[in-house]
Amino acid sequence: MDGTERPVQRPTHQEKQKLNYSGKKKRHTRKHLVAVNQNKKVLLLSQAREGKLHDKKFHSP
């Protein structure tokens with residue numbers, strides 16, 4: 001299981017900019033959690049969440 005970040009266009013609203021900015025990637029991102037098996041088949045793909053959220057605190061609402 002791993003968290004992956006995908007870049008998004010910079011939001012215009014100030015509060016959304018803060019939530020979506022990932023200090024790790026130094027850009028605005030959305031984050032997914034992905035679980036795969038040994039054959040690299042995707043078993044779980046979560047809904048997108050804000051890029052600022054840490055992987056350990058990530059859970060689907």
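The following dialogue reads selected features of a predicted model.

User: Which secondary-structure elements does the chain have, and in what order do the elements run?

Analyst: The chain has one helix and five strands. Read from the N terminus on, the order is β-α-β-β-β-β. The C-alpha trace spans about 40 × 20 × 15 Å along its principal axes.

User: What percentage of the residues count as buried, and what supplies the exposed area?

Analyst: A residue is called buried when its relative accessible area is under 20%. In this chain of 61 residues, 30% count as buried. The exposed area is about 5100 Å², and carbon and sulfur atoms supply 50% of it.

User: How many positive and negative side chains does the chain have, and where do the centres of the two sets lie?

Analyst: There are 16 positive and 5 negative side chains. The centres of these two sets lie 3 Å apart.

User: How many salt bridges does a search of the whole structure find, and which residues form a salt bridge?

Analyst: The criterion is a side-chain nitrogen of Lys or Arg within 4 Å of a carboxyl oxygen of Asp or Glu. The search of the whole structure finds one salt bridge. Arginine 49 forms a salt bridge with glutamate 50, and their closest N and O atoms are 3.8 Å apart.

User: Are arginine 49 and glutamate 50 buried or exposed?

Analyst: Arginine 49 counts as buried because its relative accessibility is 19%, under the 20% limit. Glutamate 50, at 21% relative accessibility, counts as partly exposed.

User: How should the sign of phi be read, and which residues have a positive value?

Analyst: Most residues other than glycine have a negative phi. Lysine 26 has a positive phi, near 60 degrees. Lysine 40, likewise not a glycine, has a positive phi of about 65 degrees.

User: Where do lysine 26 and lysine 40 lie, and are these residues buried or exposed?

Analyst: Lysine 26 is placed in the loop between strand 2 (21-22) and strand 3 (27-36). Its relative accessible area is 61%, so lysine 26 is exposed. Lysine 40 belongs to the loop between strand 3 and strand 4 (42-45). With a relative accessibility of 72%, lysine 40 also counts as exposed.

User: Where is glutamine 17 found, and is the residue buried or exposed?

Analyst: Glutamine 17 is part of helix 1, which covers residues 14-20. The residue is buried because its relative accessible area is 12%.

User: Which residues are in contact with glutamine 17, and what joins its side chain to that of arginine 10?

Analyst: If neighbours within four places in sequence are left aside, glutamine 17 is in contact with Arg10, Pro11, Thr12 and His28. With arginine 10, the side chain of glutamine 17 shares a polar contact of 3.1 Å.

User: How much of the contact total comes from residues far along the sequence, 24 or more positions apart?

Analyst: Among contacts in the chain with a separation of 6 or more, residues 24 or more positions apart account for 34%. A pair separated by 31 residues in sequence is leucine 33 and aspartate 2, whose C-alpha atoms are 5.7 Å apart in space.

User: In which strand does leucine 33 lie, and is leucine 33 buried or exposed?

Analyst: Leucine 33 lies in strand 3. Its relative accessibility is 12%, and therefore leucine 33 counts as buried.

Note on methods
Residues numbered from 1 in each chain as written. Predicted model: local features only at pLDDT ≥ 70, side-chain atom pairs only at ≥ 80, totals over all residues. Heavy atoms only, no water. Helix = DSSP H or I, 4+ residues; strand = E, 2+ residues; numbered from the N terminus. Buried < 20%, exposed > 50% of the residue type's maximum accessible area, 1.4 Å probe, protein only. Contact = heavy atoms within 4.5 Å. Areas by Shrake-Rupley, 256 points an atom, 1.4 Å probe, with all protein chains shown as cover. Lys, Arg positive; Asp, Glu negative; His and termini not counted. Charge placed at Lys NZ, Arg CZ, Asp CG, Glu CD. Polar contact = N/O pair within 3.5 Å; in protein donor to acceptor, adjacent residues only side chain to side chain.
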